[in-house]
Amino acid sequence: KTKLIMVPSAIDESLKVREQLEGEVDTSSLALPDQYSTTIEGYELVQKLWEKDCQLTKEGREYCQKEIRNNLRNLIGIYQHIVDNPEINDIEIKHPVFIVSWLRTGSTLLHNLVAVDPRNNAPYLWELLNPLLYSCSTNLKEDIRGKKALAHQEMEDFYNSGFEDFRCIHELRAEYPDECCHIFERCFASRHLPIMGQCMQQYTDWFVNLTPNQINNIYSLYKSELQYLTYCKRIYDVDYE
């Protein structure tokens, strides 16, 4: 029997105040499997620490809240899609490859070379940023073009905001394969959200003391999203190029 947890009130409230989005998830009576407990706990902790951080600007606070809302929306939407299509759980992830390295040592180049092999499945940046596009689109091919254009513009805005040199170090393009760190961040093995504040020691202590069971929870959500993306690519016959 699946043990369920209710979305905590702080996270639920964060979802309610967001701007109206297409495919918005109603969390008023939402229950999630226990495997989500570690992820939800991480989001709650970071949100609590942000609220205490007097050095976080209004713009920074709004950005952090937006990131939480978007991540939760994607997590909950994918979960609902799996509930509606339980065969997704039967998708086998064969021979996963993890590339681990220090920064600026060629891991992105190696990732791109591995992705060229048609036997490998490397998600594109646009679908990592917009995984729910598959389940809520009425015109998938046209929406993919739109999301590619939007993701491309976001990357250009990033470069033009003072990071032009980063283009030579790590080029980001919507139609290129990209690292699965985006999925890990949704599952709350996040590189970015915790450092957006001055009072994050409690988060650090929490993260480094995760139990093997909690780490398994994070990886199970990561696997579920890979299964979801693999399933959608098989079901929705779309030209991705």
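**View 1. Lys 233 and its salt bridge with Glu 127.** In this predicted model, Lys 233 is partly exposed, with a relative accessible area of 21%, and its side chain meets that of Glu 127 in a salt bridge with an N to O distance of 3.0 Å. Because Lys 233 belongs to helix α11 and Glu 127 to helix α5, the pair ties together parts that are 106 residues apart in sequence. Glu 127, for its part, counts as buried, at 0% relative accessibility.

**View 2. Arg 186 and Glu 225, a salt bridge between helices α9 and α11.** The closest N and O atoms of Arg 186 and Glu 225 are 2.4 Å apart. Arg 186 lies in helix α9 and Glu 225 in helix α11, so this salt bridge ties together parts that are 39 residues apart in sequence. Arg 186 is buried, with a relative accessible area of 3%, and Glu 225 likewise counts as buried, at 2% relative accessibility.

**View 3. The salt bridge of Asp 117 and Arg 119.** The structure holds three salt bridges, one of which joins the side chains of Asp 117 and Arg 119 at 2.7 Å, taken from N to O. Asp 117 is partly exposed, its relative accessible area being 21%, whereas Arg 119 counts as exposed at 73% relative accessibility.

**View 4. The largest nonpolar core.** This core has 43 residues, and those with the most contacts inside it are Tyr 36, Trp 50, Trp 126, Ile 183, Tyr 203, Tyr 222 and Tyr 228. Helices that each supply at least two residues of the core include α2 (37-52), α5 (125-129), α9 (181-186), α10 (201-208) and α11 (212-235). Helix α11 gives the most to this core, with eight residues; as shown in the earlier views, α11 also carries Lys 233 and Glu 225.

**View 5. A nonpolar patch on the surface.** Phe 98, Val 100, Ile 215 and Tyr 219 together make a nonpolar surface patch of about 420 Å². Among these residues, Phe 98 lies in the loop between α3 (58-84) and α4 (107-116). Phe 98 has a relative accessible area of 47% and is therefore partly exposed, since that class covers the range between under 20%, which is buried, and over 50%, which is exposed.

Note on methods: Residues are numbered from 1 along each chain as its sequence is written. This is a predicted model: local features need pLDDT of at least 70, side-chain atom pairs count only at pLDDT 80 or more; totals for chains, interfaces and linings use all residues. Side-chain values use heavy atoms; hydrogens and water are left out. Patches are made of residues with over 30% relative accessible area and no salt bridge: like charges are joined within 9 Å, nonpolar side chains (Val, Leu, Ile, Met, Phe, Trp, Tyr) within 5 Å. Accessible areas come from the Shrake-Rupley method with a 1.4 Å probe; for residues, only the protein chains shown count as cover. A salt bridge is a side-chain nitrogen of Lys or Arg within 4 Å of a carboxyl oxygen of Asp or Glu. Helices (H or I, at least four residues) and strands (E, at least two) are DSSP runs, numbered from the N terminus. Buried means under 20% relative accessible area, exposed over 50%, partly exposed in between (1.4 Å probe, protein chains only). A nonpolar core is a set of buried Ala, Val, Leu, Ile, Met, Phe, Trp, Tyr and Cys residues joined through side-chain atoms within 4.5 Å.
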